Amino acid sequence: MTATAARPAETLAAKQATTRHFLMCPPAYFTVEYVINPWMNPDEPVDAALAMAQWEELKDTYVRLGHTVDTIEPQPGLPDMVFAANSGTVIEGRVLGSKFRAPERAAEAEHFRRWFVTRGHRDLVMPTRINEAEGDFAWTGEVLLAGTGFRTDPAAHAEAQEALGVPVVSLNLVDERYYHLDTALFVLDKGPNAQIAYYPGAFSEGSRRVLARMFPDAVIADEADASCLGLNGVSDGHHVVLPFEATGLAGQLEERGYEVIGLDISELRKSGGGPKCCTMELHA
């Protein structure tokens, strides 16, 4: 794997949005009734109506930007089904399902598998290893960055490479607050000169060296932006949807020519989720 060459400064302002296809699940049954990550506290009340309003604003933002948004029917007893990113990885028509580490979420995988089947996705594989999908997988357009350390099994990375037919680069997460890759890193621009944003403190020393080698021009977030789940963002190459509290990261992105859209995800964050957690991208 060769390092991505740093792009000339004058090209950084030329950002081009591309339309995306997303899958989301309304938070009809969202609550915090168990603890599977450090963000969750069942003793802290959840405002279900506010959570729904925040999710609707996220969905409406995508539609307003010209993206396609499909939805899957939420199921009672699965309060975290709203976090659709954890239930599938889709690249160029190939679908790799999920296998959750927490038994509380295990049933979600089958509901999403059925959704794909009923919509004609025939090239579909269900993993044998623990695999929390886009929670731990980030597609750059060339390489699948794959997280491990807290949720996804390292052996699932090899399964993903076989099922999806794309090269995989493993990254080790070391801070339990950033239990999924998508809480510590997201892709801003896809393609041969992909650009990412990430928080180095979430990664092992070796993984930090890998990221620095592959993405020397990356946007580096600080602790303040990471701690509000500012790295749980969604970009279409020009517009970047972030939690509104991530002001330092937003400023860096605007300096590079991105248009930042800050949203309130305070209720969804009570379960450790943000914009990306709610959004599975069906990568064309």
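Hi everyone, let's start in the loop between strand S5 (124-125) and strand S6 (137-139), since that is where Ala133 sits. Please keep in mind that this is a predicted model. Ala133 has a phi near 55°, a positive value, and the residue is not a glycine. Is Ala133 buried or exposed? Buried: its relative accessible area is 0%.

There is another residue to put beside it on your screens. Leu229 also isn't a glycine, and its phi is positive as well, at about 60°. You'll find Leu229 in the loop between helix H5 (223-226) and strand S12 (234-235). With 0% relative accessibility, Leu229 counts as buried.

Now, back to S5, and the sheet around that strand. What is the strand order here? Reading across, the order is S2-S1-S15-S3-S4-S5, an open sheet of 6 strands with mixed pairing. The edges are strand S2 (68-71) and S5, each of them pairing on one side only.

So who is the neighbour of S5? Strand S4, residues 94-96, runs parallel to S5, and 2 bridges join the two. If you'd like a pair of residues to click on, take Leu96, which stands opposite Val125 in S5. Which helix packs on this sheet? Helix H3, residues 155-164, does, touching strand S3 (89-91), S4 and S5. For those of you who like angles, the direction of H3 makes about 160° with that of S4.

To recap for the phi plots: Ala133 has a positive phi near 55°, and Leu229 has a positive phi of about 60°. Thanks, everyone, and happy to take questions!

Key. Residues numbered from 1 in each chain as written. Predicted model: local features only at pLDDT ≥ 70, side-chain atom pairs only at ≥ 80, totals over all residues. Heavy atoms only, no water. Helix = DSSP H or I, 4+ residues; strand = E, 2+ residues; numbered from the N terminus. Buried < 20%, exposed > 50% of the residue type's maximum accessible area, 1.4 Å probe, protein only. Pairing = 2+ DSSP bridges. Contact = heavy atoms within 4.5 Å. Axes fitted to C-alpha atoms, helices over the stretch in contact; angles between N-to-C directions.
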